[in-house]
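Hi there,

Here is the structure I promised to pass on to you. Have a look at it first, and then read my notes below.

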2 protein chains.
Amino acid sequence: MNSKKIPQAVISRLFIYLRELTELAKVKITTISSAELGDRTNLSDAQVRKDLGYFGNFGVSGSGYAVNELVEALEKILGKNKVWNVALVGTGHLGSALLSYPGFKSHGLNIVSAFDISPKRIGKAIGDIKVKPLEDIKKEISGKKIEIGIITVPAKSAQSVCDKLIESGIECILNFAPVALNATENIKIRDVDLSREIETLSYFLVNKK
Amino acid sequence: MNSKKIPQAVISRLFIYLRELTELAKVKITTISSAELGDRTNLSDAQVRKDLGYFGNFGVSGSGYAVNELVEALEKILGKNKVWNVALVGTGHLGSALLSYPGFKSHGLNIVSAFDISPKRIGKAIGDIKVKPLEDIKKEISGKKIEIGIITVPAKSAQSVCDKLIESGIECILNFAPVALNATENIKIRDVDLSREIETLSYFLVNKK
């Protein structure tokens, strides 16, 4: 299995399967067919089989997937059985919002450091975290074993922050700045477009009658 | 076609198809098969056909989909050929971040009003928008023909804001508060969990070797 070849969209769907299977395990459902899992996640059975097929042969022909085993396998594949330390750069409105956003922790993501370049923001506490100057980033990242970086700076500073994170040893970046970032292939960058969250609403408006 | 029966996940994928098809139309590609469209969007051809099948019979057997026609049809289905007026309630960090976030407009979403209950925030301008007191919401929503509401208040106030938006005539709500909201069936509420955006990164960390 080569993770480089597996598309982001497949990974996102694995998280959806895992959430559904975890709910099923809670109510003591022990097996599920690809068709049922597809129904519950609004995907075709072929899609479910194809996605899971990237990672091994989980199903038993005729009886479907063993729920508990599949939960365990997916948690391992997805790194959900670990807690990751995260650094955030840019403590403007969006960065501050993310720092005080609940839910990261329950997803195994622990924001342990925040950085800024503004003297007005450095030294301030947001939640439990004291904002540090950007110069300290390399030291912090190795000292605190940080493996994920979040970029919440304006578009014009995003590339230089990205370079700094990579220089400091970060290989996974979540980018909220509305700009495409350049990095070598071994670096994983995920761009978040908040406006995509809202665009699907327009469908319901035109079809509400 | 009954829009109530079409799952949110299908709608989200239609937006993905539309983005891909729009890119193809730009480079003068005129037809595409479901398999190719699936490849480009990391979905199986069966999934593409099933999703589009909810809305009609777009493909021509043997030759695939006509790109321009499908773009036009999807834009209409998804309400992308219109601009929607949006109101935002809660101008803390997250609300302020969304108000100054570029990209909503290019998705046909025009945030025209913002509301708060804090006297410190009322009257302030964020970008072009002056924050108004929550009491004015009904008047603003009918006066400005607002059809979508965004909730960015703390969890404990989210339900009362939701009720107020509905009372004022809003039928589509995007909820960033980390709490489930109650509303009658005709109201469309979409919950956004920002931590889901980051969780897929853990996969790349465990599989980066």
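Chain A has 9 helices and 9 strands; both are DSSP runs numbered from the N terminus, with H or I over at least four residues for a helix and E over at least two for a strand. Please keep in mind that this is a predicted model, where local features need pLDDT of at least 70, side-chain atom pairs count only at pLDDT 80 or more, and totals for chains, interfaces and linings use all residues. Residues are numbered from 1 along each chain as its sequence is written, while chains are lettered from A and ligands numbered from 1 in the order in which they are written.

The C-alpha trace of chain A spans about 65 × 50 × 35 Å along its principal axes. Of the 209 residues in chain A, 38% are buried (20 or more other C-beta atoms within 10 Å of the residue's own, with C-beta atoms placed from the backbone).

Now for the two copies. A turn of 180 degrees and a shift of 0.1 Å along the axis lay chain A on chain B with an RMSD of 0.1 Å, superposed by least squares on the C-alpha atoms of residues with pLDDT of at least 70 in both. The two copies are therefore related as by a two-fold rotation axis. In chain A, His93(A) comes closest to that axis, with its C-alpha at 2.3 Å. Both copies use the same surface: 100% of the contact residues of chain A recur in chain B (contact means C-beta atoms, placed from the backbone, within 7 Å).

Enjoy exploring!

Methods
Buried ≥ 20, exposed ≤ 12 C-beta atoms within 10 Å, placed from the backbone. Contact = placed C-beta atoms within 7 Å.
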